[in-house]
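Please open the structure in your viewer and keep the selection tool at hand. We will go from one stop to the next, and at each one you will find what to select and what is there.

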Amino acid sequence: MEATKLRRVDFVFRPDNTSIDVLRKTLKRDADDIILELIDSGLKGRGGAGFLTGLKWKLAKEAAGDIKYVICNADEGEPGTFKDREILDRVPRRVLTGMAICAHTIGAKEGFIYLRAEYKFLAHKLKAVMAEMNEEFKKLGLDFSVSLRYGSGAYVCGEETALIDSMEGRRGEPRNKPPFPVTAGYLNKPTVVNNVETFVNCCIIANIGADEYKKFGTDNSRGFKLFSVSGDCSKEGVFELELGMTLADFVEEFGDGDTKAVQVGGASGFCVPRKKFKDTIIGFEGIPTGGSMKIFNSTRSMYNVLHNYLEFFEEESCGQCTPCRVGCQQLIKGIEAVKRKEKPAGYLDELVKLAKVMKVASKCGLGQSVGNAFVSIVENFREEIVY
Amino acid sequence: MANTEMFIRDLADKHGRRRESLMPILQEVIDARRYVDDEVMVNIAKELDLSAAEVYGTASFYSFIETEEVGHYVIRICKTIVCDMKGKDAIIEAIENTLKIKLGQTTPDKKFTFKTTNCLGWCHKGPAMLINDDVYSELTPEKAIEIIESYMHK
């Protein structure tokens, strides 16, 4: 495993005057050829879960049925993530081009952007761009149009099957898988659900080619990625970086000189303490992230950080499965009891066991990842939780 | 009220009467009235041929679909970690003092409801809040009071 050097790149936010040309060029290509190139590029989903995008498209293309859908997941709710908002605000045409390439590839006629309610202020501008792009699709002979759907403040709807249930007018409760959305998604039809940034990357790969794209990143983490950087930083905001750097390099660039820990991947990600910065690679061989990077300096109480995350999960758990619903409540009660000295410090080990049970027994990614933050904070900052 | 019946019928004409029309209809009621009451939900159920329980079950799942009466302006301040680190408590105190209500309450004139919410996606510019659909970031107590006062005069 070779780490890369921290390198800033500029692909996603480049001035966008090429999207239509990219689309025109790509529509002339065979679907299988597009899929092969996408698989070859190694692109993995940029929402956090990291499924191979080319494979997802391949499965949807091969799924039986005449009616298929393309959904852009703009329900960006992971604490500390705000890159999709920047993309939709600054380069929405690239997102729509990526969706159109997907539609051409899998044979979909209808697409949706599922926008979180918190980003509704973007809708006015976005609708105008969508209308314009839908016209362009028509002119290029592509029978595909995109419309807008809104979330209503539920974090769990970022999970693709919960998102689909929400679009179908139900409670946003994740479904049992399989079947996966690529075979039975929206209205039970084959559906590709990709993150905003993933569609932009598809558009970029269609433009520069897989060979050029593969020059960035590492074997397991190809390409580049947007990072949402916040907390105790020398600079905050959205930064586009090559994948595969060490956390030490990252902190050197963005930290305030007194960094104690970095939460990689948001509340559902992992907390890395200073002593592990050097050995932690940001990418699928180390700690993957949907983009959220929160930096904490030595003035911060990791008890408060953990408590804040647990409150978040307790509220956002959809409640349908017991390990997640009850587990979140018990983890909060547990650390509060330890803090108040009503329980001995050793009780934390019992709570770690509970968090690990939630990881295997919860139905969806929400409950499964509560343990990531919990275990990594408790193990690395135990004394801060106890005293 | 005939008024509500017509309102919901118009929304169903516009968005359709299938199950997948439910969220767009509920969301448009929120835009117009800020919350959905029992009468609205019963009427939606009739139009979409669903049970009222199904409509309530869906509506009550979503934190941005209020099923209890709220004010004309719903203020939602972000309480997630980075906004917390950047001083959201001071903002909350300033707004509570300005509106003379506590978090979770509605002003007696039904103009404002004050709530917390989870990450709004403005961590790099926290503390942040929403007033209905509008975002206000990089808040200070002074700035927050100024914003609230401008809404008081609307």
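Begin by selecting Lys120(A) and Asp31(B), which form a salt bridge in this predicted model, with their closest N and O atoms 3.0 Å apart. Across the interface of chain B and chain A, the rule finds three salt bridges. Next, select helix 2 (22-33), helix 4 (52-59) and helix 5 (81-85) of chain B, each of which supplies at least two residues of the side of chain B that touches chain A. Which helix gives the largest share of that side? The answer is helix 2 of chain B, with five residues.

Now select the whole side of chain B that touches chain A, and colour its residues by class, so that you can pick out 16 nonpolar, nine polar and seven charged residues. When you add the partner, you will have 32 residues of chain B in contact with 51 residues of chain A. Between them the two chains bury about 3100 Å², and 56% of this area is on carbon and sulfur atoms. If you display polar contacts across the interface, the rule finds 22 residue pairs, with both residues at pLDDT 80 or more.

For the last stop, stay within chain A and select strand 7 (residues 259-264) together with strand 8 (residues 270-273), which run antiparallel and are joined by four bridges. Start from Val262(A), and you will find its bridge partner, Val272(A), in strand 8 of chain A. Five residues lie between the strands of this hairpin, where Gly265(A) takes a positive phi near 95°.

How values were computed: Residues are numbered from 1 along each chain as its sequence is written. Chains are lettered from A and ligands numbered from 1 in the order in which they are written. This is a predicted model: local features need pLDDT of at least 70, side-chain atom pairs count only at pLDDT 80 or more; totals for chains, interfaces and linings use all residues. Side-chain values use heavy atoms; hydrogens and water are left out. Contact means heavy atoms within 4.5 Å. Buried area is the accessible area (1.4 Å probe) that two parts lose on being put together, summed over both. A salt bridge is a side-chain nitrogen of Lys or Arg within 4 Å of a carboxyl oxygen of Asp or Glu. A polar contact is a pair of N or O atoms within 3.5 Å; within protein, one must be able to donate a hydrogen and the other to accept it, and residues adjacent in sequence count only if both atoms are side-chain atoms. Two strands pair if DSSP finds at least two bridges between them.
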